[in-house]
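Good morning, everyone, and thank you for making time for this short presentation. Please keep the sequence and the picture in view while I talk, and we will go through them together step by step.

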Amino acid sequence: MGRSTTSFPQRANEALRAAIAQEVARRSNATSLITVVGVSFERKRKEVQVSVSVFPEYKTREALAFLQRHARDFARVAAGVLRSRGIRVRFLAPPARETTH
């Protein structure tokens, strides 16, 4: 049986991305589309940084507020994947572009 070519951090980050994306989809009220585009776990800080994109873009601030309100729940999901305690989750998104009418 061959060894996987994917490193542990990559596998852990992908498992985190999938689990958090599933939880975001489950909790979202569908007023905007929130897509988890990347996850990075900082072991020393016990922090998971989750990069998201939001559509429509003008809902970005509202979506980030929603994610932050539920950060503790997302941290529980991350802790389960990582089999660790005391995990914090922080959400990041690019700033919404101004629209001109």
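How many helices and how many strands does the secondary structure of the chain come to? Before I answer, please bear in mind that what you see is a predicted model. The secondary structure comes to 3 helices and 3 strands, and if you follow the chain from the N terminus on, these elements run in the order α-β-β-α-α-β. The chain has 101 residues, of which buried residues make up 31%, and its accessible surface comes to about 7300 Å², with 51% of that belonging to carbon and sulfur atoms.

Let us turn to the inside. The largest nonpolar core has 22 residues, and the residues with the most contacts inside this core are I20, V48, V50, V52, L67, V89 and F91. The elements that give two or more residues to the core are α1, β1, β2, α2, α3 and β3, and the one that gives the most is α3, with 5 residues. If you would like one residue to follow on the screen, please take L67, which, leaving aside its neighbours within four places in sequence, is in contact with V24, I34, V52, F74 and F91.

Two of those partners, F74 and F91, deserve a moment of their own. A search of the whole structure finds 1 aromatic pair, and this pair is formed by F74 and F91, whose rings are 5.4 Å apart centre to centre, with 75° between the planes, in an edge-to-face arrangement. Why is the pair called edge-to-face? The term is used because planes over 60 degrees apart count as edge-to-face, and the angle here is 75°. The pair links distant parts of the chain, since F74 belongs to helix α3, residues 71-82, while F91 belongs to strand β3, residues 88-92, and the two are 17 residues apart. Are these two rings buried or exposed? F74 is buried, with a relative accessible area of 0%, and F91 is buried as well, with a relative accessible area of 7%.

Now to the charged side chains. The structure holds 10 salt bridges, and I will pick out a few of them. In one, the side chains of E14 and R17 meet at 2.9 Å, N to O; these residues are 3 apart in helix α1, so they are separated by about one helical turn. E14 is partly exposed, with a relative accessible area of 41%, and R17 also counts as partly exposed, at 25%.

A second salt bridge joins R27 and D73, with the closest N and O atoms 3.4 Å apart. Because R27 lies in helix α1 and D73 in helix α3, this pair ties together parts that are 46 residues apart in sequence. Both are partly exposed, R27 with a relative accessible area of 27% and D73 with 22%.

A third example is R45 with E42, where the closest N and O atoms are 3.3 Å apart; R45 is partly exposed at 44%, and E42 counts as partly exposed at 25%. Finally, salt bridges that share partners join E23, R26, R27, D73 and R76 into one network.

To end with the chain overall, among contacts between residues at least 6 apart in sequence, 59% join residues at least 24 apart.

Terms used:
Residues are numbered from 1 along each chain as its sequence is written. This is a predicted model: local features need pLDDT of at least 70, side-chain atom pairs count only at pLDDT 80 or more; totals for chains, interfaces and linings use all residues. Side-chain values use heavy atoms; hydrogens and water are left out. Rings of Phe, Tyr and Trp (its six-membered ring) pair if their centres lie within 6.5 Å; planes under 30 degrees apart count as stacked, over 60 as edge-to-face and the rest as tilted. Helices (H or I, at least four residues) and strands (E, at least two) are DSSP runs, numbered from the N terminus. Buried means under 20% relative accessible area, exposed over 50%, partly exposed in between (1.4 Å probe, protein chains only). A nonpolar core is a set of buried Ala, Val, Leu, Ile, Met, Phe, Trp, Tyr and Cys residues joined through side-chain atoms within 4.5 Å. Contact means heavy atoms within 4.5 Å. A salt bridge is a side-chain nitrogen of Lys or Arg within 4 Å of a carboxyl oxygen of Asp or Glu. Accessible areas come from the Shrake-Rupley method with a 1.4 Å probe; for residues, only the protein chains shown count as cover.
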